Amino acid sequence: MKQKIIEVCERKIAQKGRDVGLSFYAFFANKNDDPELLMEAATWWIMTHQLDHFEKAEKIKKMVEAN
């Protein structure tokens with residue numbers, strides 16, 4: 001999951017610039033094919049770090065790389 005988050009953040013930054021925001025849903029397909037992983041990401045995003053719905057991709061990338 002960590003590598004996927006970094007890749008998605010890098011792709012979004014390359015496409016839309018350094019100020020692009022995203023939510024944890026950006027790391028998943030439009031269908032709920034892995035509910036456990038989705039809940040893990042939601043818990044990390046919402047409960048653990050108390051992030052807003054949309055955060056800067058650069059911030060999320062740095063947070064993931066630091067762990």
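The biggest contribution to the lining of the largest pocket comes from α2, which supplies five residues, and I should say at once that we are looking at a predicted model. Both α1, spanning 2-16, and α2 supply at least two residues each to that lining. The pocket holds about 200 Å³ of space, and the residues around it are Met-1, Lys-2, Ile-5, Phe-27, Leu-37, Glu-40, Ala-41, Trp-44, Trp-45, Val-64 and Asn-67. By character, the lining divides into eight nonpolar residues, one polar and two charged.

Let me turn now to the largest nonpolar core, which has 18 residues, and in which Cys-9, Leu-22, Phe-27, Trp-45 and Ile-60 touch the most other members. The elements that give two or more residues to this core are α1, α2 and α3, the last of these running over 57-66, and the largest share, five residues, comes from α1. Two of the residues just named for the core, Phe-27 and Trp-45, also appear in the lining of the largest pocket.

Trp-45 deserves a closer look. Once its neighbours within four places in sequence are set aside, Trp-45 is in contact with Leu-22, Ser-23, Phe-24, Phe-27, Gln-50, Leu-51, Asp-52, His-53, Glu-55 and Ile-60.

That list brings us to Ser-23, which sits in the loop between β1, residues 21-22, and α2, residues 35-48. Is Ser-23 buried or exposed? Ser-23 counts as buried, because its relative accessibility is 7%, where the cut-off for burial is under 20%. With neighbours within four places in sequence again left aside, Ser-23 is in contact with Trp-45, His-53 and Phe-54.

Definitions and conventions:
Residues are numbered from 1 along each chain as its sequence is written. This is a predicted model: local features need pLDDT of at least 70, side-chain atom pairs count only at pLDDT 80 or more; totals for chains, interfaces and linings use all residues. Side-chain values use heavy atoms; hydrogens and water are left out. Helices (H or I, at least four residues) and strands (E, at least two) are DSSP runs, numbered from the N terminus. Buried means under 20% relative accessible area, exposed over 50%, partly exposed in between (1.4 Å probe, protein chains only). Contact means heavy atoms within 4.5 Å. On a 1 Å grid over the protein atoms alone, a cavity is a set of points where a 1.4 Å probe fits but cannot get out, and a pocket is an open set with protein on both sides within 12 Å along at least five of seven lines; lining residues have an atom within 4 Å of a point. Grid points are joined across faces, edges and corners, and a volume is the space filled by probe spheres set on the points. Ala, Val, Leu, Ile, Met, Phe, Trp, Tyr, Cys and Pro count as nonpolar, Asp, Glu, Lys and Arg as charged, and the others, Gly among them, as polar. A nonpolar core is a set of buried Ala, Val, Leu, Ile, Met, Phe, Trp, Tyr and Cys residues joined through side-chain atoms within 4.5 Å.
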